[in-house]
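I opened the model to look up how its helices pack, how each chain is built and where the chains touch. My notes follow in the order in which I looked things up.

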Amino acid sequence: MKIMKPLMTALLAIALFFAPQLMGGSNVSYSLLVIIGIFAILAYSLDLVVSDLGEVSLGHTVFFGTGAYTTAVASSQFGLGALETLMLALAASTLVAAFVGLITLKLREFIFSLVTYSLAVISITLADNWMFVGGTDGISGIPPLKFSILGLDYLARTDQQLWPVVYLGLLATLYLVHTFRRSRLGSEAMTVQLNTGLAIMSGINPMLVRMKVLVLSAPLAGLAGWLYAYQRAYISSDVFGAYFLLIMLTAVIMIGRRQLLCPLIGVALIITQEKMFSLGAYWDNIILGTIIILVLCFFPGGLSRLFTRRVAHT
Amino acid sequence: MENFIQQLINGLVIGHAYALIAIGWTILLGVARLVNFGHGELYMLGAFTTWWAISAYDIPYGLAILISMVIGGLIGFLMQLIMLRLTFRKDLIAIMIVTLGFGKVISGVASLLFGANGEILQTPLSSVDLYWNDLWFTYQDIAIVITALLMYGLTWLIIQYTRIGRMARMVAEDPPLAALYGINARLAYFLIFAFEGVAVTLAAAMVAPRSPILTSMGFDETIITFIVVIIGGIGNVLGNYIAALLLGIFIAFFSTYISAAFATAAAFVVLIVLLIAQPNRLQA
């Protein structure tokens with residue numbers, strides 16, 4: 001039996017890789033899945049902080065934007081390849097997270113949230129006024145993702161060619177989140193969230209745990225930013241904005257908490273609605289807002305509870 | 001020197017505007033220990049309903065303000081009705097995200113109704129310029145200062161000396177125990193949230209004529225409010241008033257002498273430094 005679960009997981013992972021082909025293999029389906037993949041990685045970054053640490057960071061777009069801007073500058077102005085920009089994006093977002101962690105070390109609840117949001121506002125102001133990163137024009141002309149490993153060159157000009165990279169990133173993200181939740185740090189984070197007093201008695205340093213989880217979550221957002229910069233070939237201060245925040249926050253709370261695939265499913269639903277059945281940006285906002293309100297007020301465990309509860313009753 | 005005094009006056013007016021915008025949150029947070037991340041969107045809605053009443057129906061400014069306040073109060077009431085369970089559980093994290101959701105719904109609906117263009121909210125008071133030597137301000141500015149002073153005075157009196165104020169404070173302290181004393185906690189929460197809606201729409205109707213209004217302007221107001229509430233001390237009505245004035249003067253001078261683009265960001269930096277230096281300020 002022990003072999004069954006990893007085997008099933010591997011099969012599912014392989015099957016999902018061919019999802020775009022199963023959806024017809026058109027450019028549209030590749031684009032859709034690439035966007036879903038990128039937003040899902042971003043959502044997992046926030047998921048670690050919201051679900052495991054129990055704090056709502058409204059500043060995760062800062063890590064995302066740091067990754068995207070680092071990639072854009074390094075590739076378009078310094079001509080670096082994708083592997084180098086990846087390293088830089090991960091390092092930069094981690095560093096920024098360490099800084100954010102330091103200044104928010106003692107902040108809780110809505111004050112933590114508002115301070116992290118204010119950092120996003122500062123980031124927008126900086127990006128809009130700093131000519132080195134293009135000011136309000138942003139950075140255009142980001143070259144396509146290109147790297148070579150062991151003499152093999154890979155160039156991703158289209159979303160179809162980008163998909164394997166995005167998918168690999170998503171798998172790595174899922175693995176990291178899964179491993180984290182089974183790790184010592186993961187259970188320490190839960191203890192701090194559920195009962196800080198007990199955590200301290202058992203020898204846990206809550207501030208250190210908070211710092212570690214925040215810093216761990218940031219490179220995921222950085223990775224998403226790296227992919228996003230290559231996918232769009234253009235970025236502006238929008239990457240720090242409320243649009244990304246709202247999507248990741250909704251995806252995290254929508255389906256269920258601390259269940260590995262839930263944020264991915266949430267992102268897939270939201271992005272599919274937005275790209276395929278959009279009623280315009282205003283309606284998309286109303287829909288997202290309504291989902292947030294309904295889920296938290298009436299289905300606090302997420303929509304997945306609807307089904308599990310029904311199963312339990314029958 | 002003239003410019004200095006002009007900026008000081010400017011800062012005082014902006015400060016009173018911030019104070020007026022923040023009072024709903026001050027009460028919400030200080031008295032009931034609740035938060036509303038849709039605060040800025042309510043402000044936006046207040047500005048637009050006032051503008052719409054005046055420009056589409058020629059309703060007099062005073063009446064337009066009243067209409068906006070009624071709408072604001074109803075929406076506040078409705079928000080509390082929907083999230084009552086969360087309020088009683090004191091689940092601040094969920095309340096925060098839910099009110100963020102309300103904000104998005106409000107801004108989405110307002111954009112559908114009023115469009116995405118910037119509008120000017122012109123009032124009989126905002127179009128009258130006053131000159132005093134070389135110093136310039138409008139009747140609207142004077143009205144903002146007077147309204148802010150009245151609101152703070154009234155609120156302080158109500159909280160300290162009336163039955164409603166005592167009721168609200170008892171509910172904030174311990175809802176079940178307050179209920180034992182025969183206090184209707186549900187009603188208290190409804191009243192407080194309705195007050196938040198009324199106060200912020202009143203602020204919008206008074207302050208919004210100072211600059212063009214946009215349906216996307218919401219969250220910045222929440223952020224300014226947040227700075228006021230934190231610097232002033234949670235639940236400290238007088239402290240909040242003073243903090244708003246200081247912030248207004250800071251913004252006015254920073255915009256003029258250093259950089260207008262970085263003014264809000266600079267205010268945040270001050271706030272963050274303050275939070276690091278004095279984390280205890282946050283224990284309400």
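**Entry 1: a helix pair late in chain A**

I began with H11(A) and helix H12 (residues 262-276) of chain A, whose axes lie 7 Å apart and meet at an angle of about 125°. Because angles of this size fall outside the ranges for parallel, antiparallel and perpendicular pairs, I noted H11(A) as oblique to H12(A). I also looked up the handedness of the crossing of H11(A) and H12(A), and it is right-handed. On the side of H11(A), the contact is made by Ile247(A), Thr250(A), Ala251(A), Val252(A) and Met254(A), while H12(A) supplies Pro263(A), Gly266(A), Val267(A) and Ile270(A). Sorted by class, the residues of the contact of H11(A) with H12(A) are 7 nonpolar and 2 polar, with no charged residues. I kept in mind throughout that this is a predicted model.

**Entry 2: a second pair in chain A**

I then turned to helix H3 (residues 27-53) of chain A and helix H7 (residues 159-182) of chain A, for which I found an angle of about 25° and axes 9 Å apart. The cut-off that matters here is 35 degrees, under which a pair counts as roughly parallel, and H3(A) is therefore roughly parallel to H7(A). The crossing in which H3(A) passes H7(A) is left-handed. The contact list includes Tyr30(A), Val34(A), Gly37(A), Ile41(A) and Tyr44(A) from H3(A), and from H7(A) it includes Trp163(A), Val166(A), Gly169(A), Leu170(A) and Phe180(A). Among the residues in the list are also Asp47(A) of H3(A) and Asp159(A) of H7(A). When I split the contact of H3(A) with H7(A) by class, I got 15 nonpolar, 6 polar and 2 charged residues.

**Entry 3: a pair in chain B**

In chain B I looked up helix H2 (residues 39-57) and helix H3 (residues 61-82), which pack at an angle of about 140° with their axes 9 Å apart. H2(B) passes H3(B) in a right-handed crossing. From H2(B), the residues that make the contact are Leu42(B), Gly46(B), Thr49(B), Thr50(B), Ala53(B) and Ile54(B). From H3(B), the partners include Tyr61(B), Ala64(B), Ile65(B), Ser68(B), Gly72(B) and Ile75(B). The class count for the contact of H2(B) with H3(B) is 9 nonpolar and 5 polar, with no charged residues.

**Entry 4: the two chains as wholes**

For chain A, I counted 14 helices and 4 strands. Its radius of gyration is 19 Å, close to the 20 Å that the globule rule gives for 314 residues, so I wrote down chain A as being as compact as a globular protein of that length. Along the principal axes, the C-alpha atoms of chain A fill a box of roughly 50 × 45 × 45 Å. Buried residues come to 49% of the 314 in chain A. Of the contacts in chain A with a separation of 6 or more, 75% join residues 24 or more positions apart.

For chain B, the secondary structure comes to 12 helices and 2 strands, and in order from the N terminus I read the elements as α-α-α-α-α-β-β-α-α-α-α-α-α-α. The radius of gyration of chain B is 19 Å, close to the 19 Å from the globule rule for 284 residues, so chain B too is as compact as a globular protein of its length. The box filled by the C-alpha atoms of chain B is roughly 60 × 50 × 35 Å along the principal axes. Of the 284 residues of chain B, 50% count as buried, and residues 24 or more positions apart account for 76% of the contacts in chain B with a separation of 6 or more.

**Entry 5: one residue of chain B**

Is Leu238(B) buried or exposed? I placed Leu238(B) in helix H11 (residues 237-257) of chain B. Leu238(B) has 11 C-beta neighbours inside 10 Å, and therefore counts as exposed. I also looked up Leu113(B), which is 125 residues from Leu238(B) along the chain, and the C-alpha atoms of the two are separated by 38 Å.

**Entry 6: where the chains touch**

Last, I found 32 residues of chain A in contact with 36 residues of chain B. On the side of chain A that touches chain B, helix H6 (109-129), helix H11 (242-254) and helix H13 (281-298) each supply at least two residues. The largest share of that side, 12 residues, comes from H6(A). By class, the side of chain A that touches chain B divides into 23 nonpolar, 7 polar and 2 charged residues.

Definitions and conventions: Residues numbered from 1 in each chain as written. Chains lettered and ligands numbered in written order. Predicted model: local features only at pLDDT ≥ 70, side-chain atom pairs only at ≥ 80, totals over all residues. Contact = placed C-beta atoms within 7 Å. Nonpolar A, V, L, I, M, F, W, Y, C, P; charged D, E, K, R; others polar. Rg over C-alpha atoms; globule rule 2.2 N^0.38 Å. Buried ≥ 20, exposed ≤ 12 C-beta atoms within 10 Å, placed from the backbone. Axes fitted to C-alpha atoms, helices over the stretch in contact; angles between N-to-C directions. Left-handed = near helix turned anticlockwise from the far one by under 90°. Parallel < 35°, antiparallel > 145°, perpendicular 65-115°, else oblique.
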